[in-house]
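Subject: Structure for your files

Hello,

Here is the structure we talked about handing over. My notes on what was found in it follow below.

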Amino acid sequence: MIISWDEYFMGIALFSKYRSKDPHTQVGACIVNEDKHIVGVGYNGMPNGCSDAEFPWGSTGEFGDKKYAYVVHAELNAILNASTSLKGCRIYTSLFPCNECCKAIIQSGIKEVIYLSDKYAATDSTRASKRMFAAAGVHYRRLETDIEELPVNFVLPKGEREG
Ligand SMILES: O=c1ccn([C@H]2C[C@H](O)[C@@H](COP(=O)(O)O)O2)c(=O)[nH]1
Ligand SMILES: [Zn+2]
């Protein structure tokens, strides 16, 4: 199987999301520069020093009892983890960016967003993101692919196993 660049970078975003402890929505993001070099990756997780085990992952109750007060979004983490200027870069993200990530994407100089799921399309947050991206000239598109699954085997074929 040979995959396209878009599928490859979205694959990295999808792989990254499995690091997230969010029990409901795991999100991964991968930023790529004009030379097709990966310059940042991220997933939705608690800030440094805020234990995944101690901070809440639920989404009900008081403000302080919900994950939303604390979690750093995948796209923002990818931006903050980036090693270089993001001017002209593309971001691959498994979920369409919320309005807060949208602002960070625009301000960082990223010029294109490639997403997979738009499951919150009907929300005010996503509508605001689309409005801001359009105004700021940040292009967005859904990943086009025929691939349903990308198998990754951690178990080596018999002939390649040790012992
Ligand atoms: O742009 C976004 C929007 C959301 N996320 C993260 C934040 C949360 O951990 C989940 C959303 O949780 P729900 O239970 O689906 O409300 O997704 C993100 O990383 N980037
Ligand atoms: Zn966000």
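The largest pocket has a volume of about 510 Å³. Please keep in mind that this is a predicted model. The mean pLDDT of the protein is 97, with 99% of its residues at 70 or more. For the complex, the predictor gives an ipTM of 0.99 and a pTM of 0.96. As a general caution, predicted coordinates should not be read in detail where pLDDT is low.

Back to the largest pocket. Its lining is made up of 18 residues, and those nearest the centre are Met 10, Gly 11, Leu 14, Glu 149 and Leu 150. Helix 1, which covers residues 5-17, contributes the most to this lining, with 8 residues. By class, the lining of the largest pocket holds 12 nonpolar, 2 polar and 4 charged residues.

The second largest pocket encloses about 440 Å³. There are 22 residues in its lining, and Tyr 68, His 73, Leu 95, Cys 98 and Tyr 120 lie nearest the centre. Three helices each supply at least two residues of this lining: helix 2 (74-81), helix 3 (99-108) and helix 4 (124-136). Helix 3 has the largest share, 3 residues. The lining of the second largest pocket divides into 10 nonpolar, 8 polar and 4 charged residues.

If you open the model, the residues nearest each centre are a convenient place to begin: Met 10 is one of them for the largest pocket, and Tyr 68 is one of them for the second largest pocket.

Regards

Technical notes. Residues are numbered from 1 along each chain as its sequence is written. Chains are lettered from A and ligands numbered from 1 in the order in which they are written. This is a predicted model: local features need pLDDT of at least 70, side-chain atom pairs count only at pLDDT 80 or more; totals for chains, interfaces and linings use all residues. Side-chain values use heavy atoms; hydrogens and water are left out. On a 1 Å grid over the protein atoms alone, a cavity is a set of points where a 1.4 Å probe fits but cannot get out, and a pocket is an open set with protein on both sides within 12 Å along at least five of seven lines; lining residues have an atom within 4 Å of a point. Grid points are joined across faces, edges and corners, and a volume is the space filled by probe spheres set on the points. Helices (H or I, at least four residues) and strands (E, at least two) are DSSP runs, numbered from the N terminus. Ala, Val, Leu, Ile, Met, Phe, Trp, Tyr, Cys and Pro count as nonpolar, Asp, Glu, Lys and Arg as charged, and the others, Gly among them, as polar. pLDDT is the predictor's confidence in each residue, from 0 to 100.
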